[in-house]
Each structure stands twice: as structure tokens, then as C-alpha cells.
Amino acid sequence: MGRTIVIGDVHGCYLELMELLDQIGASQDDRLFSVGDLITKGPGNREVFEFVRTKKNFQSVLGNHEYLLLQHHRGRAVELEPAHLQTIAELGSDFKDCMAWVSRLPHYIDLGDYLVVHAGIRPDRPLEEQTVDDLTQLRTLDGLQPGSREGMPWFDRYRGGQVVIFGHWVFDTPLFRDNVIGIDTGCVYGCRLTAVVLPEGRLVSVPAHRVYAQKGW
Ligand SMILES: [Mn+2]
């Protein structure tokens with residue numbers, strides 16, 4: 001039987017994504033999942049989009065950067081960073097197709113024993129009541145905004161039995177606890193691209209070829 005492989009924030013790091021899948025020995029029998037933020041900031045947004053939209057055994061949740069681009073595409077007044085404008089330019093005529101694809105991404109993927117989300121969940125709320133802003137941006141529980149960094153991280157208060165696998169929060173080394181697995185290890189910032197292979201819970205990572213973006217927003 002195939003494995004379940006969940007990949008951290010790719011951010012256009014196509015080379016590293018290929019190397020990671022190679023290192024894992026991923027095959028057609030495996031189910032590949034992404035925690036979102038597949039595009040923006042990195043050098044290979046077009047290649048990553050081309051790969052994920054044609055790969056049959058690949059599924060992703062919505063990341064905050066895809067969500068921002070989608071809101072912009074829908075005419076909402078959102079603030080774009082230079083990296084978003086660059087992604088739009090890089091995708092060119094494919095941007096529309098990309099946004100159609102993004103609009104179909106689920107906000108979470110429930111795998112039974114595991115839950116895949118981009119950022120996190122509010123521990124005191126049922127899954128169906130989690131907002132898209134929380135699922136794509138949540139960091140801490142005491143701040144007013146979903147993306148706030150003030151107060152206690154959501155995963156320090158989460159007591160659920162379902163293992164939440166998430167990205168968004170950049171760790172030097174993956175966060176691996178009984179009920180939370182954080183796998184964004186900042187590839188686009190020059191660190192590593194990480195995946196977790198289930199059910200054994202094995203972490204696999206490859207180093208970034210270089211620093212593609214600066215941390216800080
Ligand atoms: Mn990210």
C-alpha cells in the first residue's frame with residue numbers, strides 16, 4: 001500500500017521539491033499532500049504550479065499566500081507584497097488558471113488520524129467552525145488578528161487526539177509532538193524543505209540551494 005506524504009511550505013522552490021520527492025522515493029502509489037503556500041517568494045512558481053496541477057496523486061490545502069492572491073484576483077482590496085506581484089508576472093497568462101485551481105483548494109484535509117492545515121486551528125472550536133483566516137494564518141491565541149504573534153502558540157494549547165500537520169510557522173527543526181507536527185523549515189529562506197512520511201512519522205528534508213527571500217513578513 002502507498003504511503004501518505006505531507007510536504008511543508010514549498011514557496012516556488014521547485015528544485016528542492018523534486019529533490020525531496022526523489023529522496024523519499026515517492027511513487028504513483030503514494031498520496032502526496034501539501035500544507036499550502038506552494039507558490040510566491042521562490043524562483044520556480046510556474047514550474048511548481050505546472051507540477052501540482054498535473055500530478056494526479058497530489059492534493060494541497062489553501063495557504064495564506066494563495067488565499068491573498070485569490071482575493072486580489074477576485075477584486076478585493078488586499079495589500080500585495082512585491083513577491084506577489086512577481087508571482088503574478090511569472091505566471092503570466094497561467095495566472096487565471098492558477099487562481100481557478102487555488103479556488104478549489106480545501107481549507108483543510110481530514111485524513112482521520114491526521115488533519116492537514118496550513119497554519120493552525122483554534123483548540124476550543126469544532127473543525128467546521130474554524131474560519132478560513134484562522135486556518136490559513138493562525139499563530140497565537142491571545143492576539144486580535146489571526147496572524148498575530150503575541151501570546152501562546154495555538155499548538156501549545158491544542159489537546160485534541162487528531163494529529164494536526166501544519167506549515168506557516170517556520171521552525172529551525174520540525175516541531176514533532178504527539179498531536180502536532182510543524183513542517184515549515186523555511187526552504188525559501190535558505191534553510192530546508194521538509195516532509196513527513198506517514199504512518200511511520202518519518203521526517204525527511206533537503207537543504208535549500210540558496211536564500212531566495214528574506215524572512216520578516
Ligand atoms: Mn509560508
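Here's a quick briefing on the fold of this protein chain, from its overall dimensions down to its two sheets. The model is a predicted one. DSSP-style bookkeeping gives seven helices and ten strands for the protein chain. Its radius of gyration is 16 Å, close to the 17 Å that the globule rule gives for 217 residues, so the chain is as compact as a globular protein of that length.

**Overall dimensions and packing**

- If you're setting up a box, the C-alpha trace spans about 45 × 40 × 30 Å along its principal axes.
- Burial comes to 40% of the 217 residues.
- Take the contacts between residues at least 6 apart in sequence: 62% of them join residues at least 24 apart.

**The sheet with β1, β2, β3, β9 and β10**

- This one is an open sheet of five strands, ordered β3-β2-β1-β9-β10, and its pairing is mixed.
- At the edges sit β3 (58-60) and β10 (202-207), each of which pairs on one side only.
- From one strand to the next, the twist averages 25 degrees.
- Helix α1 (residues 14-24) packs on this sheet and touches β1 (4-7), β9 (192-198) and β10. The direction of α1 makes about 140 degrees with that of β10.
- Over at the β3 end, β2 (residues 31-34) and β3 run parallel and share three bridges. Phe33 stands opposite Gln59 in β3.

**The sheet with β4 to β8**

- Here five strands make an open sheet in the order β4-β5-β6-β8-β7, again with mixed pairing.
- β4 (108-110) and β7 (175-176) are the edge strands, each with a single partner, so one side of each has no neighbour in the sheet.
- β5 (residues 114-117) pairs with β6 (residues 163-170) in the parallel sense, over three bridges. Tyr114 has Val163 in β6 as its bridge partner.
- β6 also runs parallel to β8, and four bridges join the two. In that pairing, Ile165 is matched with Ile181 in β8.
- β7 and β8 form a hairpin with three residues between them. Their pairing is antiparallel, over two bridges, and Leu175 stands opposite Gly182 in β8.

**A closer look at β8**

- How many residues of β8 (residues 180-184) are buried? Five of its five are.
- In a regular strand, side chains alternate between the two faces of the sheet.
- For β8, both faces are covered: Val180, Gly182 and Asp184 are buried on one side, and Ile181 and Ile183 are buried on the other.

Methods. Residues numbered from 1 in each chain as written. Predicted model: local features only at pLDDT ≥ 70, side-chain atom pairs only at ≥ 80, totals over all residues. Pairing = 2+ DSSP bridges. Axes fitted to C-alpha atoms, helices over the stretch in contact; angles between N-to-C directions. Contact = placed C-beta atoms within 7 Å. Rg over C-alpha atoms; globule rule 2.2 N^0.38 Å. Buried ≥ 20, exposed ≤ 12 C-beta atoms within 10 Å, placed from the backbone.
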